[in-house]
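Student: Could you walk me through one part of this model up close? I'd like a single connected tour rather than a list.

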Amino acid sequence: ALFGIDVLSGRLVAAVSGVLSVPVIFWLGMLVHSARAGIVAAALLALSPIHVWHSQYGRHYSLLVLLVLLSTACFVKLWREPRAVVWSVSYTLATVALVYTHYFGWLVVLCQGVTVLLFRFVTLKHWFVIQLALVLAYVPWLTAALPMALAGSGGEDLIPQIGWMGATSVLDPLRTIAEFNGPLPT
């Protein structure tokens, strides 16, 4: 509503998220290895055709990339400075935004949790408090989505003009490949 409903405003979040992902992956590369690794990672992401495409597309995928990178960078900072409250809070906020953006974000949380269990760089009590805050922040989404899922709704109750995907067919993966790579040879 702030920018109106048109192509530009529909794609603005994706474009901004895609652009912001480049410096964040640079920061993450610097954290885990070196400035050179950060530059290479940033260049690869900036030139990645799929990232550029998703950054132009009016969907949430470039935002998902940005939030995975932010969550992971804050996780690495928390690993290096386990007593710093700022990184616990930053990690929690980035990860809450991540799991609200896409439920696949929970897979990132799972991998981070396994890392904590394996390397124990924070106490389990500290990690439990962070995860409890994450789950509590996710409860409002569950209270909205769970009744719709149990009723078999695809989200039409929440956003009437947007329904869920229709039935898929065996040929859909081939259609997707054709869409990304051009028409199939005859």
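**A close look at helix α4 and what surrounds it**

Tutor: Reading from the N terminus, the order of elements in this chain is α-α-α-α-α-α-α-α. That makes eight helices and zero strands. Keep in mind that we're looking at a predicted model. The mean pLDDT over the chain is 84, and 84% of the residues reach at least 70. Confidence varies by element, though: helix α2 (residues 35-47) has the highest mean, 95, while helix α8 (residues 172-181) has the lowest, 74. Where pLDDT is low, the predicted coordinates shouldn't be read in detail.

Let's settle on helix α4, which covers residues 61-80. A quick check on its geometry: with 20 residues at 1.5 Å a residue, α4 should span 28 Å, and its end C-alpha atoms sit 29 Å apart, so the two values agree.

Now, which residues of α4 are buried? The list is Ser62, Leu64, Leu66, Leu67, Leu69, Ser71, Ala73, Cys74, Phe75, Val76, Lys77 and Leu78. For context, 32% of the 186 residues in the chain count as buried.

Start at the N-terminal end of α4. His54, from helix α3 (residues 49-56), touches Tyr61 and Ser62, and also Ala14, once residues up to four places away in sequence are set aside. His54 has a relative accessibility of 18%, so it counts as buried, the cut-off being under 20%.

Next, look at Lys77, a charged residue on that buried list. Its relative accessible area is 17%, so Lys77 falls under the 20% cut-off for buried. The side chain of Lys77 meets that of Glu81 in a salt bridge, 3.2 Å from N to O. Side chains of opposite charge can pair when their charged atoms come close. Glu81 is partly exposed, with a relative accessible area of 35%. The structure holds one salt bridge, and you're looking at the pair that makes it.

Leu78, also buried in α4, brings in another stretch of chain. Leu78 is in contact with Val122, whose other partners beyond four places in sequence are Pro82, Val116 and Trp127. Val122 belongs to the loop between α6 and α7 (124-150). How accessible is Val122? Its relative accessibility is 4%, so Val122 counts as buried. Its C-alpha atom is 9.6 Å from that of Arg80, although 42 residues separate the two along the chain. Over the chain, 64% of the contacts between residues at least 6 apart in sequence join residues at least 24 apart.

Finally, turn to the surface. Trp79 is part of a nonpolar patch there, together with Tyr103, Phe104, Leu107, Leu110, Val114, Leu118 and Phe119; the patch has about 870 Å² of accessible area. Helix α6 (residues 105-119) gives the largest share of that patch, five residues. Leu110 is one residue of the patch, and it lies in α6. Its relative accessible area is 54%, so Leu110 counts as exposed. As for the whole chain, about 12,300 Å² is exposed, with carbon and sulfur atoms supplying 73% of it.

How values were computed:
Residues numbered from 1 in each chain as written. Predicted model: local features only at pLDDT ≥ 70, side-chain atom pairs only at ≥ 80, totals over all residues. Heavy atoms only, no water. Patch = residues over 30% accessible without salt bridge, like charges linked within 9 Å, V, L, I, M, F, W, Y side chains within 5 Å. Areas by Shrake-Rupley, 256 points an atom, 1.4 Å probe, with all protein chains shown as cover. Salt bridge = Lys/Arg side-chain N within 4 Å of Asp/Glu carboxyl O. Helix = DSSP H or I, 4+ residues; strand = E, 2+ residues; numbered from the N terminus. Buried < 20%, exposed > 50% of the residue type's maximum accessible area, 1.4 Å probe, protein only. Expected span 1.5 Å × (residues − 1). pLDDT = per-residue confidence, 0-100. Contact = heavy atoms within 4.5 Å.
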